[in-house]
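User: I would like to learn how to read the interface between two domains of a protein. Please take me through an example.

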Amino acid sequence: MNGIRLCATGSYLPDHVVTNDDYAKIVETSDEWIRTRTGIVTRHIANGDTTWSMGVKAAKRALEAGGISPEEIDLVLATTVTGDYITPSLSCVIQHEIGAVNAACIDMNCACAGFVYALDAAHKYLCASEVKTVLVVSAEMLSRITNYDDRTTCVLFGDGAGACILQRGENRFASHLGADGSGMQLMFGLYPPQKTPFNDQPAVENEISKIPMGTGMLYMEGREVYKFATRVMPEAIEKSCAKLGISTTDLDWIVPHQANIRIIQTAMKHLKLPMEKAWVTIQHCGNTSSASIPIALDELVRSGKLSRGDTIGMAGFGAGLVYAGAVLEY
Ligand code: ACO
């Protein structure tokens, strides 16, 4: 068996909703600019939640939807760029909180492409090891690393989590992963500088260190990331389709990374698919990094519009730069 079955999905968005007008009170922006340039109207911002608590809520919803007990999970794959701790991993905290006592735990940091990278890994574990059930959880608290003085980035991001449970199955799956580290300086966040009693030399430099930037906050050159995104998103889906011997026009749904409505529109045009086939959540979620695809996937599943046998194309891209595409038969 070389396929995987998407058994169940779940997601969680914090209650607190922040509008475009709320941003106009803290930076020089407007509802009109944000709507027309990004498609974002509102986003959810954690107010008491943490990355792990959002991940746990999404995971529990997926377990409940699938009627699967936590003990059945063999592997938890968690993706985040905004974990609560340097260590332990997000996956270990989630494993404990949901009671997945038989699961091994791995965290993956592949920025906004994290969920699709995790799907690829889940597929490989399911097809080539004793692992029978994988829980993928993508949880992000972008508000933790957002610079609220920077209007070019702060309006874009939201918080939330999405999860899914996968098992071995007959359903077809293919993926295409890629990265281009030469674009690392286009989007990054820095740890505080290392200070120990034993080092007095300045750290070695690279493209990132040339950019004056405070620690802990996200920096992004939006226009350059935009160009990268519009190229790699359709390409990653096309290459995944090619591996299954199908055309992009055979796809029933596209669940894209939700970074900008204009990126999604351009990708759909390249894929020769109408916008009605794209599941879009950006208007009420903003960009939730690796959580954006599984949140959208869960909405699609729960909408009742997805039927077993439908093929779903997914693609994510982000800091690294990284990108990933996948096609999954539901
Ligand atoms: N409100 C009002 N004006 C603004 C704002 C704002 N919030 N932000 C920028 N502007 C201004 C700029 O200062 C600029 O003004 P100027 O012409 O006087 O210099 C003008 O608007 C145009 O700026 P651009 O950067 O060219 O705007 P653009 O249309 O490219 O939109 C955006 C910016 C939304 C960031 C877009 O480039 C984008 O979506 N890029 C992709 C980002 C992305 O996909 N990131 C995701 C990867 S990582 C992850 O998902 C976590």
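Analyst: We may begin with polar contacts. In this predicted model, 19 residue pairs are in polar contact across the interface of domain 1 and domain 2, both residues of each pair being at pLDDT 80 or more.

User: Which elements of domain 1 supply at least two residues each to the side that touches domain 2?

Analyst: The helices among them are α2 (31–38), α3 (51–66) and α5 (114–128). The strands include β1 (3–12), β3 (42–44), β6 (133–141) and β7 (159–169). β1 gives the most to this side of domain 1, with seven residues. By class, the side of domain 1 that touches domain 2 has 22 nonpolar, 18 polar and nine charged residues.

User: How many salt bridges does the rule find across the interface of domain 1 and domain 2?

Analyst: The rule finds zero salt bridges across that interface.

User: Where do the two domains run along the chain?

Analyst: Domain 1 covers 3–170, whereas domain 2 is made of 175–184 + 214–329. Their contact takes 49 residues from domain 1 and 42 residues from domain 2.

User: How should I read the size of such an interface?

Analyst: Interface size is often expressed as the accessible area that is lost when the parts come together. Here, domain 1 and domain 2 bury about 3,600 Å² between them, with 63% of it on carbon and sulfur atoms. Of the area that domain 1 buries against domain 2, 18% comes from Cys-112, Val-116 and Tyr-117, more than from any other three residues.

User: Let us turn to single residues. Does Ser-138 count as buried or exposed?

Analyst: Residues under 20% relative accessible area count as buried. Ser-138 has 0% relative accessibility and therefore counts as buried. Ser-138 lies in strand β6, and its side chain is joined to that of Thr-79 by a polar contact of 2.8 Å. Leaving aside neighbours within four places in sequence, Ser-138 is also in contact with residues including Phe-115, Gly-160, Ser-290 and Pro-294.

User: Where does Thr-80 lie, and what does its side chain reach at 2.7 Å?

Analyst: Thr-80 lies in the loop between β4 (75–79) and α4 (90–98). The side chain of Thr-80 reaches the backbone oxygen of Ala-139 at 2.7 Å. Thr-80 counts as buried because its relative accessibility is 10%. Not counting residues up to four places away in sequence, Thr-80 touches several residues, among them Thr-51, Met-108, Glu-140 and Ser-290.

Methods: Residues are numbered from 1 along each chain as its sequence is written. This is a predicted model: local features need pLDDT of at least 70, side-chain atom pairs count only at pLDDT 80 or more; totals for chains, interfaces and linings use all residues. Side-chain values use heavy atoms; hydrogens and water are left out. Domain bounds come from an automatic or database domain assignment. Contact means heavy atoms within 4.5 Å. Buried area is the accessible area (1.4 Å probe) that two parts lose on being put together, summed over both. A salt bridge is a side-chain nitrogen of Lys or Arg within 4 Å of a carboxyl oxygen of Asp or Glu. A polar contact is a pair of N or O atoms within 3.5 Å; within protein, one must be able to donate a hydrogen and the other to accept it, and residues adjacent in sequence count only if both atoms are side-chain atoms. Helices (H or I, at least four residues) and strands (E, at least two) are DSSP runs, numbered from the N terminus. Ala, Val, Leu, Ile, Met, Phe, Trp, Tyr, Cys and Pro count as nonpolar, Asp, Glu, Lys and Arg as charged, and the others, Gly among them, as polar. Buried means under 20% relative accessible area, exposed over 50%, partly exposed in between (1.4 Å probe, protein chains only).
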